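Work through the exercises below with the model open. Each task is followed by a stepwise solution.

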Amino acid sequence: MSAAATSVESPSLEPSCRDTAAHALSIVRDGVITGEGPTTKGRVHFSRSLDADDTAWCARILTATAVNDQPISRTEAEILFEINEAATERTDAGRFDDLLAKAVAHYAASASGLKVPPRNVALSADTDIESWAPSYASKVNSEMLEWIAGQMRGKRQNNRRLMAMVATFLGATALPLAGQLPNVFDIGM
């Protein structure tokens, strides 16, 4: 049984609001960095590695009942970026990259004043980001695009899924912004 499927031993990992969800994600981040902690119990976990159980923890935290109908917060998105950067080894078959891209799109769209689907729909591995994000592309606030670019700038880990999403947003909405964001990502994936 995976760690994410076991009962929660620590109340700090069961979110009651977006702030406690962000805190729970920081516990996952710490486990990824050190290879120790409540999210790594009962399994071999190397420091700086991200596996399917870590990704399942993130998905479970982000889609907990208490936060499911709320948009992803900036703090939650920032911690997901920290997890992305901390994980130098990946064994989750790309699921975290997909989760990160969808969570960032969810945050950017909602922070731009757009309606977003519930988290369990938007972040599901079975939901294509294109099924809900493209209609928002022309309306995403340029400040959100700048924030995303700032999070991506100079990072070791390239998330191709996230870069493709940002390229879609830039292509659709912010061509003037593109000139202000040199060397953020390589569009010629």
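**Exercise 1. What span should the 17 residues of helix 4 have at 1.5 Å a residue, and how far apart are its end C-alpha atoms?**

This is a predicted model: local features need pLDDT of at least 70, side-chain atom pairs count only at pLDDT 80 or more, and totals for chains, interfaces and linings use all residues. Residues are numbered from 1 along each chain as its sequence is written, and side-chain values use heavy atoms, with hydrogens and water left out.

Step 1. Take 1.5 Å times one less than the number of residues. For helix 4 the expected span is 24 Å.
Step 2. Compare the ends. The end C-alpha atoms are 24 Å apart, which agrees.
Step 3. Look just past the helix. Glycine 113 follows helix 4, and its phi is positive, near 85°.

**Exercise 2. How many residues of helix 4 are buried?**

Step 1. Apply the cut-off: buried means under 20% relative accessible area, exposed over 50%, partly exposed in between (1.4 Å probe, protein chains only).
Step 2. Count. In helix 4, 14 of the 17 residues are buried, so the helix is largely enclosed by the rest of the structure.
Step 3. Set this against the chain. Of its 189 residues, 51% are buried.

**Exercise 3. Which residues have the most contacts inside the largest nonpolar core?**

Step 1. Define the core: buried Ala, Val, Leu, Ile, Met, Phe, Trp, Tyr and Cys residues joined through side-chain atoms within 4.5 Å.
Step 2. Find the hubs. The largest core has 41 residues, and Cys58, Leu80 and Ile83 have the most contacts inside it.
Step 3. List the suppliers. Helix 1 (18-34), helix 2 (52-62), helix 3 (74-86), helix 4 (95-111), helix 7 (142-152) and helix 8 (160-173) each give at least two residues. Helix 4 gives the most, with eight.
Step 4. Inspect leucine 80. Beyond its neighbours within four places in sequence, it is in contact (heavy atoms within 4.5 Å) with Leu25, Cys58, Leu62, Phe96, Leu100 and Ala103.

**Exercise 4. At what angle do helix 1 and helix 3 pack?**

Step 1. Fit lines to C-alpha atoms over the stretch in contact; angles run from 0 to 180 degrees between N-to-C directions.
Step 2. Read the values. The angle is about 5°, with the axes of helix 1 and helix 3 9 Å apart.
Step 3. Classify. Angles under 35 degrees count as roughly parallel, over 145 as roughly antiparallel, 65 to 115 as roughly perpendicular and the rest as oblique. Helix 1 is therefore roughly parallel to helix 3.
Step 4. Name the partners. Among them are Leu25 and Val28 of helix 1, and Ile79 and Leu80 of helix 3.

Conventions: Helix = DSSP H or I, 4+ residues; strand = E, 2+ residues; numbered from the N terminus.
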